[in-house]
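Colleague: I would like to learn how to read a small model like this one. Please show it to me, and then take the features in turn.

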Amino acid sequence: TSITSFDLVSRTSRRIEVKTTLAYREIRLSSTGESIAEMFLPRLNVRYIFGRKNGEWRLHEYISGS
């Protein structure tokens with residue numbers, strides 16, 4: 001996966017929301033290491049919401065396709 005765009009939607013001292021566009025590639029391998037399936041999504045929109053609790057930032061939610 002690679003990030004092709006990254007936009008800050010909102011930010012407070014306890015919450016950060018970002019909107020990203022990703023280029024996603026998945027390759028499935030057999031037990032012998034041979035490629036058996038491949039998927040490529042050149043544009044996948046994902047919204048990430050991070051929350052801060054006890055001084056740590058954690059991923060709270062992600063929304064694919066938003």
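Colleague: What percentage of the 66 residues of the protein count as buried?

Modeller: This is a predicted model, so each value is computed from predicted coordinates. A residue counts as buried when its relative accessible area is under 20%. Here 15% of the 66 residues meet that condition. The protein exposes about 5300 Å², and carbon and sulfur atoms supply 50% of that area.

Colleague: Which elements does the protein have, from the N terminus on?

Modeller: The elements run β-β-β-β. There are 4 strands and 0 helices. The radius of gyration is 16 Å, well over the 11 Å that the globule rule gives for 66 residues, so the protein is more spread out than a compact globule. The C-alpha trace spans about 50 × 25 × 15 Å along its principal axes.

Colleague: What is the order of the strands in the sheet?

Modeller: Strand order is read from the pairing of the strands. In this case the order is E1-E2-E3-E4, in an open sheet with antiparallel pairing. E1 and E4 (56-64) stand at the edges with a single partner strand each, so one side of each has no neighbour in the sheet. From one strand to the next, the twist averages 30 degrees.

Colleague: How many bridges join E1 to E2?

Modeller: Strands count as paired when at least two bridges are found between them. E1 and E2 (residues 15-29) run antiparallel and are joined by 8 bridges. Specific partners help to fix the register: Ser5 is matched with Thr21 in E2, Leu8 with Val18, and Ser10 with Glu17. The hairpin between E1 and E2 passes through 3 residues.

Colleague: And how many bridges pair E2 with E3?

Modeller: E2 and E3 pair over 14 bridges, again in the antiparallel sense. One of the bridge pairs is Leu22 with Leu44 in E3. The hairpin formed by E2 and E3 has 5 residues between the strands, and Gly33 in that turn has a positive phi of about 90 degrees.

Colleague: Which residue in the turn between E3 and E4 has a positive phi?

Modeller: That residue is Asn54, with phi at about 55 degrees, in a hairpin that has 2 residues between its strands. E3 (residues 35-53) and E4 pair in the antiparallel sense over 8 bridges. Among the partners across this pair are Ile49 and Glu61 of E4.

Colleague: How many residues of strand E1 are buried?

Modeller: To judge a whole strand, one counts its buried residues. For E1 (residues 2-11) the number is 0 of 10, so the strand lies largely in the open.

Colleague: Is Thr21 buried or exposed?

Modeller: Relative accessibility settles that for a single residue. Thr21, in strand E2, has a value of 8% and counts as buried. The side chains of Thr21 and Ser5 are joined by a polar contact of 3.0 Å, and Ser5 is also paired with Thr21 by a bridge. Setting aside residues up to four places away in sequence, Thr21 touches Ser2, Ile3, Thr4, Ser5, Arg43, Leu44 and Asn45.

Colleague: Which side chain makes a polar contact with that of Glu17?

Modeller: The partner is Arg15, at 3.0 Å. Glu17 is found in strand E2 and is buried, with a relative accessible area of 10%. Beyond its neighbours within four places in sequence, Glu17 is in contact with Asp7, Leu8, Val9, Ser10, Arg47, Tyr48 and Ile49.

Colleague: What does Phe50 touch, not counting residues up to four places away in sequence?

Modeller: Phe50 lies in strand E3, and its contacts are Arg14, Arg15, Ile16, Val18, Trp57, Arg58, Leu59 and His60. Its relative accessibility is 28%, and it therefore counts as partly exposed. The C-alpha atoms of Phe50 and Val18 are separated by 8.6 Å, although these residues are 32 apart along the chain.

Colleague: What share of the contacts with a separation of 6 or more comes from residues 24 or more positions apart?

Modeller: Sorting contacts by sequence separation answers that. In the protein, such residues account for 28% of those contacts.

Methods: Residues are numbered from 1 along each chain as its sequence is written. This is a predicted model: local features need pLDDT of at least 70, side-chain atom pairs count only at pLDDT 80 or more; totals for chains, interfaces and linings use all residues. Side-chain values use heavy atoms; hydrogens and water are left out. Buried means under 20% relative accessible area, exposed over 50%, partly exposed in between (1.4 Å probe, protein chains only). Axes are lines fitted to C-alpha atoms, for helices over the stretch in contact, and angles run from 0 to 180 degrees between N-to-C directions. A polar contact is a pair of N or O atoms within 3.5 Å; within protein, one must be able to donate a hydrogen and the other to accept it, and residues adjacent in sequence count only if both atoms are side-chain atoms. Contact means heavy atoms within 4.5 Å. The radius of gyration is taken over C-alpha atoms; the globule rule is 2.2 Å times the number of residues to the power 0.38. Accessible areas come from the Shrake-Rupley method with a 1.4 Å probe; for residues, only the protein chains shown count as cover.
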